[in-house]
Amino acid sequence: MNRKLNRRLALQTLASTGAVASFGPLSLLAHAQKPLTVGVIYVGPRDDYGYNQAHAQAAAELKKLPGIKVVEEENVPETAAVQKTMTGMIAQDGAGLLFPTSFGYFDPHILALAPKYPDVRFSHCGGLWTEGKHPKNVGSFFGYIDECQYLNGVVAGHMSKSRKIGFVAAKPIPQVLRNINAFLLGARSVHPDITCSVIFTGDWSMAVKEAEATNSLADQGVDVFTMHVDGPKVVVETAAKRGKMVCGYHASQAKLAPAAYLTGAEWNWLTAYKTIIEAAQAGKPHPNFLRGGLKEGYVKMSPYGSSVSEAAKKNADEVKAKMLAGSFDIFKGPLKDNKGNTILAAGKVLKQTDLELEKMNYLVEGVVGSI
Amino acid sequence: MRNALREIALTIGALAAALLVFGALVWLAGVDPFDMAWLLFKGAFGDAFSWQNTLQRAAPLMLTALCVALPAQAGLVVIGGEGALVLGGLACAAAATQWPLPANLAGSVLACVAGALAGALWVMLASALRQYRGINETISSLLLAYVAIGLFKHLVEGPLRDPASLNKPSTLSLPEGLRIGGIAGSDVHWGLVLGVLACGLLGGWLRLTASGFALRVVGGNLRTAQLIGLPATRLVLLACALGGACAGLAGAVEVAAVHTNANASLIAAYGYAGILVSFIARHQPLAIVPVAILFGGFGAAGSLLQRRLGLPDASVLVLQGLTFVFILASEALRQGDPAALWRRLWPTRPALKESSP
């Protein structure tokens with residue numbers, strides 16, 4: 001009796017294995033043919049000439065791809081509202097892949113929802129997905145845009161007459177500090193005596209303070225500006241009004257000030273979006289951790305403005321070629337912070353992929369300002 | 001009874017008028033107005049998911065609206081609820097992570113009480129400045145909100161910062177046992193119940209008790225109140241403390257139920273949205289509940305409108321603005337007798353009363 005039951009069980013198991021084996025590819029095919037609904041969520045307006053616009057531009061490109069349906073929502077705060085937007089996209093629109101693009105969406109919001117929807121893929125921009133700590137259907141992607149800020153710095157170094165350049169920053173957090181430091185190091189590669197004055201406004205989007213900071217830096221003699229705030233529009237326009245030059249950030253702001261705009265550090269999110277979407281369409285594992293720079297096509301430079309000198313273009317293009325070849329390191333010793341502490345001893349190098357750089361908590365020597 | 005019916009009819013009329021105008025606007029923009037109206041309803045109240053969405057958005061607004069309504073009942077215009085909310089959230093996070101609170105319901109209650117206390121003191125400060133130093137409470141409460149946000153950021157990015165929060169400065173997270181979960185397995189957290197309870201209790205207090213009545217006398221006519229010997233200053237401070245406690249509680253619940261720690265995402269303008277809710281509810285705590293739900297509905301429906309019709313976020317703000325303009329305009333119809341207004345508009349029509357002896 002017992003043995004008989006066992007045999008039946010074994011037969012059942014065999015049969016079901018066969019069924020799975022034969023239907024597996026079929027269901028995969030069905031999966032591939034169904035259009036994939038992709039939800040994109042922005043923390044600010046889609047036309048902010050900045051962070052959100054960079055994502056919206058990539059989302060607009062996604063809409064042209066076959067088999068992709070895009071649903072979008074802008075001005076979603078980092079509160080329970082974003083959880084509702086995500087569940088709404090999943091439950092009401094049938095989204096299978098979400099791009100919640102603001103940093104603050106990750107913890108606790110994405111981490112709260114992901115376990116409830118194991119079949120949905122969450123791809124967050126900017127976060128630090130960690131193996132073993134975060135769910136498998138969650139991933140994070142980001143770009144090494146400090147490479148572009150370094151190139152901004154090289155151009156600024158050539159163009160600045162006062163040898164004082166300025167940075168309007170939101171908050172003293174690692175991603176921002178890395179850009180400030182890269183900008184100054186780029187400029188110092190041209191003239192080792194250049195200083196970069198930084199002002200932190202305290203928030204991602206604070207038009208009045210951004211204008212005040214720009215004016216106050218201009219009063220101090222700064223003649224080339226760059227920034228790391230959500231919407232660089234105010235800084236670009238204010239600097240241009242003061243007759244100063246400016247390097248852009250996030251997206252191209254050339255339209256806002258064609259004469260003052262030298263070049264800019266831009267995101268190219270389409271690269272990351274496509275990689276993640278292709279994995280979803282093919283049913284491959286979700287890419288949990290994606291990072292890339294100029295070489296991988298995650299970031300790009302704005303075309304040079306008309307006022308950029310030939311020497312500046314030549315120098316920046318040379319450095320860019322090295323970056324594209326993967327033979328250039330921004331953070332290398334000897335490197336000191338602006339309080340005199342040694343960060344990297346001579347001969348030491350931090351590669352772009354080094355996670356140590358994502359914890360940056362210092363301003364390098366030559367930056368005027370404090371955290 | 002007739003009054004209540006008229007109130008409801010006026011509100012519904014105002015809503016319908018706003019929808020009509022908004023429908024015309026979206027029609028001009030090339031969107032089918034019937035599609036729009038259907039999505040609005042579906043997004044806000046169409047199914048269980050929409051209701052959860054609406055109610056969750058409404059929860060903090062009930063509490064922050066009370067921070068405007070209670071001082072208003074005492075004759076003060078306080079618009080700094082945002083400050084009480086962020087400090088309430090901060091106090092909750094600080095209490096929960098710095099003190100050894102028991103990791104159970106009692107601990108959660110204590111953490112929320114800490115938040116409510118912080119909010120109460122902050123708004124009371126604005127009213128004390130008015131009562132003792134003659135400083136306009138509208139201006140001072142608004143400015144104090146900026147001071148509160150500054151304090152919040154200083155502490156969250158400085159002494160209270162969790163060193164592991166790299167790109168998003170936050171305090172340490174609340175222990176699991178202190179967090180507030182959803183009601184009966186839904187996404188809606190207990191903040192909603194607290195909001196409805198607070199509106200009900202405070203509304204009852206104002207209507208049914210002697211001290212509540214005294215407060216309304218102070219708000220109605222300060223001279224009369226002083227003449228009959230009411231402790232006006234104490235009542236004003238009390239109203240502001242209660243209002244501030246509600247906003248502080250809203251912040252504490254946001255931290256304990258949503259964010260799990262205090263960080264800058266808490267500064268989401270719930271305090272300012274509460275001003276609008278309270279004014280539309282004419283500072284009546286009981287009326288705040290439906291108005292806050294209407295507000296939550298706008299948020300929920302706006303989300304769906306953006307996703308389905310590709311309308312910009314601003315379009316829902318337009319609808320919201322239209323609704324409130326119409327609701328405020330309907331005030332004009334509320335005061336007088338509609339029949340008299342009708343007679344005035346059509347003077348040739350014989351009045352009915354003349355035929356009776």
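# Reading a predicted two-chain model

Trainee: Which residues is B:Met62 in contact with, once we leave aside its neighbours within four places in sequence?

Mentor: B:Met62 is in contact with B:Gly195, B:Val196, B:Ala198, B:Cys199, B:Ile288, B:Val289 and B:Ala292, not counting neighbours within four places in sequence. Keep in mind that this is a predicted model.

Trainee: What makes those residues count as in contact?

Mentor: The cut-off is C-beta atoms within 7 Å, so each of these pairs has to meet it. B:Met62 and B:Ile288 also turn up among the residues with the most contacts inside the largest nonpolar core, along with A:Val246 and B:Leu66. That core has 229 residues. Its largest share, 19 residues, comes from helix H10 (residues 232-259) of chain B.

Trainee: How do you know where the core lies relative to domain 2 (34-143) and domain 3 (146-268 + 305-368) of chain A?

Mentor: Both domains give residues to the core, so it lies between them.

Trainee: Okay, on to burial. Why is B:His283 called buried?

Mentor: B:His283 has 20 C-beta neighbours inside 10 Å. The cut-off for buried is 20 or more, so 20 is just enough. B:His283 is in the loop between H11 and helix H12 (285-309) of chain B, and it has a positive phi of about 60° although it is not a glycine.

Trainee: And why is B:Ala269 called exposed?

Mentor: B:Ala269 has 12 other C-beta atoms within 10 Å. A residue is exposed at 12 or fewer, so a count of 12 qualifies. B:Ala269 also has a positive phi, about 70°, although it is not a glycine. Look for B:Ala269 in the loop between H10 and helix H11 (270-280) of chain B.

Trainee: What makes strand E10 (residues 261-267) of chain A largely enclosed by the rest of the structure?

Mentor: Just count: 7 of its 7 residues are buried, so the rest of the structure largely encloses E10(A).

Trainee: How do you know that E10(A) pairs with strand E12 (residues 299-301) of chain A?

Mentor: There are 3 bridges between E10(A) and E12(A), in the antiparallel sense. Pairing needs at least two bridges, so 3 will do. For one spot to look at, A:Ala265 stands opposite A:Met301 in E12(A). E10(A) also runs parallel to strand E9 (residues 245-250) of chain A, and 4 bridges join those two. There, A:His250 stands opposite A:Glu266 in E10(A).

Trainee: What holds strands of a sheet together in pairs, in general?

Mentor: Backbone hydrogen bonds, with the strands either parallel or antiparallel.

Trainee: Why is strand E5 (residues 138-143) of chain A called mostly covered?

Mentor: 6 of the 6 residues of E5(A) are buried. Look at both faces: A:Val138, A:Ser140 and A:Phe142 are buried on one side, and A:Gly139, A:Phe141 and A:Gly143 are buried on the other. E5(A) runs parallel to strand E4 (residues 121-125) of chain A, joined by 4 bridges, and to strand E11 (residues 289-292) of chain A, again by 4 bridges. Find A:Cys125, whose bridge partner in E5(A) is A:Phe141, and then A:Ser140, which stands opposite A:Phe289 in E11(A).

Trainee: What is the order of the open sheet of 6 strands in chain A?

Mentor: E2-E1-E3-E4-E5-E11, with parallel pairing.

Trainee: What makes E2 and E11 of chain A edge strands?

Mentor: E2 and E11 each pair on one side only. Neighbouring strands of this sheet are turned by 20° against each other on average, direction ignored. Helix H2 (residues 51-62) of chain A packs on the sheet, touching E1 and E2 of chain A, and its direction makes about 150° with that of E2(A).

Trainee: One more topic: how many residues of chain A are in contact with chain B?

Mentor: 26 residues of chain A, in contact with 21 residues of chain B. H3(A) gives the largest share of chain A's side, 7 residues. By type, that side divides into 10 nonpolar, 9 polar and 7 charged residues.

Key:
Residues are numbered from 1 along each chain as its sequence is written. Chains are lettered from A and ligands numbered from 1 in the order in which they are written. This is a predicted model: local features need pLDDT of at least 70, side-chain atom pairs count only at pLDDT 80 or more; totals for chains, interfaces and linings use all residues. Two residues are in contact if their C-beta atoms, placed from the backbone, lie within 7 Å. Ala, Val, Leu, Ile, Met, Phe, Trp, Tyr, Cys and Pro count as nonpolar, Asp, Glu, Lys and Arg as charged, and the others, Gly among them, as polar. Axes are lines fitted to C-alpha atoms, for helices over the stretch in contact, and angles run from 0 to 180 degrees between N-to-C directions. A nonpolar core is a set of buried Ala, Val, Leu, Ile, Met, Phe, Trp, Tyr and Cys residues joined through C-beta atoms within 7 Å. Domain bounds come from an automatic or database domain assignment.
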